[in-house]
Amino acid sequence: MELVIDHLSKTYPNGTKALNDVSLRIAPGMFGLLGPNGAGKSSLMRTISTLQQADAGTIQLGDIDVLREPERVRQVLGYLPQEFGVYPKITAAELLEHFAVLKGLSNKSERRQVVDALLQQTNLYQVRNKNLGGYSGGMKQRFGIAQALLGNPKLIIVDEPTAGLDPTERNRFHNLLAEIGEDRIVILSTHIVSDVSDLCRQFAIINKGQVLYTGDPLRAMEEVRGQIWRRSIRKDELATYQQQFAVISSRLFAGQTIIHVHSLSQPGNGFEGVEPTLEDVYFARIHAAEQVASAAAPVAK
Ligand code: ADP
């Protein structure tokens, strides 16, 4: 089953153009949707999840017309929203059981089996009788995955799942996602580049409602090989460098400012070539799009 998004656009009533002619083809496996805050990721996720309408375009999931047949989508969809609220005074086992009833699992012993298996899979079985209010952020997210997996969905959408998780919990969550992404479409929306490089065989970069790139992370890095350059500078030199070069990122390392520059040829003295990371690809694409946008913008008077 493939998810095909074709020329999708959405403008909110206040005039914000959140999706601007988005087209994507998503095959089974983990797909990363990468973009900064405000890029339009949640708007796209909510539209695919049938929680909001688009103004134009189509979404096809296998033989389902997503925008016209929301009930059919909901039968094969698991969704973990950005803010996953839980009732604090109920246990994981009770709430999952409740969701299972809502999903239509009416046979009690079958339901118990499904709930127990999901609690095992998400590593929550030992704490299944604890109130959700006492769960850590990572445990809540894993519970969110357990409820999203109810009914064995063909399409799973997880919106910014690792923000706020500590490294151990993030790692555990990654392993869980990798496991569930083996035989269905899992779309992972995130602004964290390493979520995508760790997990996804396919990804897209989205910014200001537009798809800037789609493909596979290894090839994306290959495409900018020989074009990413690094040098350390003084902090007060940053603005000058930004004027002269396509500075795609700057960061502090051991008290020094290290910049990465995107350039087809050696930019000058003091720059050394580096092996591109997915972060370089991401920043280079966003930087190039911003340059195009600012060149097209009318000059402020
Ligand atoms: P992301 O998930 O990538 O952070 P969103 O899809 O949440 O991006 O937002 C895209 C743009 O649409 C942002 O400029 C945001 O402020 C705006 N936006 C999101 N939801 C609404 C809404 N309900 N009404 C108006 N503007 C919205």
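## A walk through the chain, from overall layout to ligand

Of the 301 residues in this chain, 47% are buried. Keep in mind as you turn it around that this is a predicted model. The C-alpha trace spans about 70 × 45 × 35 Å along its principal axes, and the chain is built from 10 helices and 14 strands. The accessible surface of the chain adds up to about 15600 Å², with carbon and sulfur atoms accounting for 49% of it.

How does the chain connect back to itself? If you take the contacts in the chain with a separation of 6 or more, 67% of them are between residues 24 or more positions apart.

Let's split things up next. The chain is divided into domain 1, covering 3-215, and domain 2, covering 222-296. Their C-alpha centres lie 33 Å apart, and the contact between the two takes 12 residues from domain 1 and 9 residues from domain 2.

Now for the inside. In soluble globular proteins, nonpolar side chains tend to be buried together. Here the largest nonpolar core has 50 residues, and Phe143, Ile145 and Leu177 are the ones with the most contacts inside it. Where does this core sit relative to the domains? Domain 1 (3-215) and domain 2 (222-296) both give residues to it, so the core lies between them. Ile145 is a good residue to click on if you want a feel for the packing. Setting aside neighbours within four places in sequence, Ile145 is in contact with Leu80, Thr122, Val158, Phe173, Leu176, Leu177 and Ile180. Notice that Leu177, one of those partners, is also among the residues with the most contacts inside the core. There is a second, separate core too, made of 29 residues, and among them are Leu8, Leu19, Ile59 and Tyr79.

On to the ligand. It has 13 residues around it, and Gly38, Gly40, Lys41, Ser42 and Ser43 come nearest. A polar backbone atom of Gly38 is 2.7 Å from an oxygen atom of the ligand. Lys41 uses its side chain instead: an N or O atom there is 2.9 Å from a ligand oxygen atom. Ser43 also takes part through its side chain, with a polar atom 2.6 Å from an oxygen atom of the ligand. Taken alone, the ligand exposes 550 Å², and the protein buries 64% of that.

Which element gives the largest share of the shell around the ligand? That is helix H1, residues 41-48, with 4 residues. H1 is worth a longer look. Of its 8 residues, 7 are buried, so the helix is largely enclosed by the rest of the structure. The buried ones are Lys41, Ser42, Ser43, Leu44, Met45, Thr47 and Ile48. So Lys41 and Ser43, whose side chains have atoms close to ligand oxygens at 2.9 Å and 2.6 Å, both count as buried, because that label means under 20% relative accessible area with only the protein chains considered.

Just after H1 there is a small backbone oddity: Thr50 takes a positive phi of about 65 degrees. Most residues other than glycine have a negative phi, and most peptide bonds are trans. Thr50 has company, though. Asp21 has a positive phi of about 60 degrees although it is not a glycine, and Ala254 has a positive phi near 50 degrees. The settings of these two are easy to find. Asp21 is in strand E2, residues 17-26, and is partly exposed, with a relative accessible area of 41%. Ala254 is in the loop between strand E12 (247-253) and strand E13 (256-262). Is Ala254 buried or exposed? With a relative accessible area of 74%, Ala254 is exposed.

One last stop is Arg72, in helix H2, residues 70-75. Arg72 is partly exposed, with a relative accessible area of 32%. Which residues does Arg72 touch, not counting those up to four places away in sequence? They are Asp63 and Ile64. With Asp63 there is also a polar contact of 3.0 Å joining the two side chains. Leu61 is 11 residues from Arg72 along the chain, and the C-alpha atoms of this pair are separated by 9.9 Å.

Conventions: Residues are numbered from 1 along each chain as its sequence is written. This is a predicted model: local features need pLDDT of at least 70, side-chain atom pairs count only at pLDDT 80 or more; totals for chains, interfaces and linings use all residues. Side-chain values use heavy atoms; hydrogens and water are left out. A nonpolar core is a set of buried Ala, Val, Leu, Ile, Met, Phe, Trp, Tyr and Cys residues joined through side-chain atoms within 4.5 Å. Buried means under 20% relative accessible area, exposed over 50%, partly exposed in between (1.4 Å probe, protein chains only). Domain bounds come from an automatic or database domain assignment. Contact means heavy atoms within 4.5 Å. A residue is near a molecule or strand if one of its heavy atoms lies within 4 Å of it. A polar contact is a pair of N or O atoms within 3.5 Å; within protein, one must be able to donate a hydrogen and the other to accept it, and residues adjacent in sequence count only if both atoms are side-chain atoms. Accessible areas come from the Shrake-Rupley method with a 1.4 Å probe; for residues, only the protein chains shown count as cover. Helices (H or I, at least four residues) and strands (E, at least two) are DSSP runs, numbered from the N terminus.
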